[in-house]
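Let's take a walk through this model together, moving from the overall picture to a few places worth a closer look. Have the viewer open as you read.

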Amino acid sequence: MAVDQIDRSVVTERPRGVTSSKTVPLGVKTFRTTAKIVGAVYLAGFVVGLVGSGLFQSILGATGASANLPAVAGSSVLLAFGAILWLMAVAGDAAHGVLMFPILRRYDERIAFGYLASRIVDAVFIAVMVLFVFIQIPLASAFVKAAATDALFLQTMSGLFAQGQVYAYDIGMIALGVSGLMLCYTLYRAKLLPRLVAGWGLIGYAILFVGMLSEVMGSGLGLASSIPGGLWETFVGVWLIAKGFSSSGLAQLGKDASQIDPAR
């Protein structure tokens, strides 16, 4: 057996007369598997996030963050289930950073570490948001048994945690916008996806980043700004499962970034 150090493929000697299939580099095989897993995580995250948000809004109101303790007390199990779904989405956010790190590192190590770090920040703040949701459940339980003076205090505390939930979500989405810009920039330059698809992602995450920054300042544009990026993640999830990363893009990942022709 001889090992080709250039393309890292394994070449096995075969008896004469036996036709061999084309050898596929081991790295390419790995990245094809990674693409399918990343695509599945995108789709799973979209589903659990959508269902979790629906449960939040059905109990906490249109914004998904409320100090309505009587409603929480009446639907605490559903609220907890929605929070658990969001924790699953949090795990998916962190998984994206880990899964894409080896691929992005072949293009630019700084981008790879930046993407991983921003994904972790995203996951941490969304986890904090979920924690604030969970805190509403014991507050609601105490509220229904409390005297009038204690009930007012509990309602005030619930309002503070609800506001903290909103800010934690907004900051998590800002971090997601940053990570998405780094990811789509690399996908565009390295031609891992068609330029039109990668460009859509760049625009979508730029809108998300700006929209969430303005949301922190009270613009009310947070939900609308997340739509282009959310649709992109759904589309790319299906694309990666069906087609994976482009072969020409994977072939270029061993090159220095300065050697990649962006016009090609």
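A good place to begin is the outside: the accessible surface of the protein comes to about 13600 Å², and carbon and sulfur atoms account for 69% of it. Of the 264 residues in the protein, 41% are buried. What you are looking at is a predicted model, so a word on confidence helps, because where pLDDT is low, the predicted coordinates should not be read in detail. The average pLDDT of the protein is 84, with 84% of the residues scoring at least 70. Over residues 1-26 the pLDDT is below 50, and this stretch has 19 contacts in the model beyond near neighbours in sequence. Residues 256-264 also have a pLDDT below 50, with 11 contacts beyond near neighbours in sequence.

Now for the fold. The protein has 9 helices and 2 strands, and reading from the N terminus the order of elements is β-β-α-α-α-α-α-α-α-α-α. Among the contacts with a separation of 6 or more, 73% are between residues 24 or more positions apart.

Turn next to helix H1, which covers residues 26-60 and supplies 4 residues, the largest share, of a nonpolar patch. That surface patch is formed by Phe 46, Val 47, Leu 50, Val 51 and Phe 81, which together have about 460 Å² of accessible area. Leu 50 sits in helix H1, and its relative accessible area of 53% is why it counts as exposed, the cut-off being over 50%.

Further along the chain, the loop between helix H5 (148-189) and helix H6 (195-216) holds Lys 191. Here the backbone deserves a glance: Lys 191 is not a glycine, yet it has a positive phi of about 60°. Is Lys 191 buried or exposed? With a relative accessible area of 15%, Lys 191 is buried, because the limit for that class is under 20%.

Finally, look at helix H8, residues 227-242. At 1.5 Å a residue, its 16 residues should span 22 Å, and the end C-alpha atoms are 23 Å apart, so expectation and model agree. Which residues of H8 are buried? They are Gly 229, Trp 232, Glu 233, Val 236, Gly 237, Trp 239 and Leu 240. When you view that list, keep in mind that an α-helix has 3.6 residues a turn, so residues three or four places apart point the same way. Just after H8, Gly 244 adopts a positive phi of about 70°.

Conventions. Residues numbered from 1 in each chain as written. Predicted model: local features only at pLDDT ≥ 70, side-chain atom pairs only at ≥ 80, totals over all residues. Heavy atoms only, no water. Expected span 1.5 Å × (residues − 1). Buried < 20%, exposed > 50% of the residue type's maximum accessible area, 1.4 Å probe, protein only. pLDDT = per-residue confidence, 0-100. Contact = heavy atoms within 4.5 Å. Patch = residues over 30% accessible without salt bridge, like charges linked within 9 Å, V, L, I, M, F, W, Y side chains within 5 Å. Areas by Shrake-Rupley, 256 points an atom, 1.4 Å probe, with all protein chains shown as cover. Salt bridge = Lys/Arg side-chain N within 4 Å of Asp/Glu carboxyl O.
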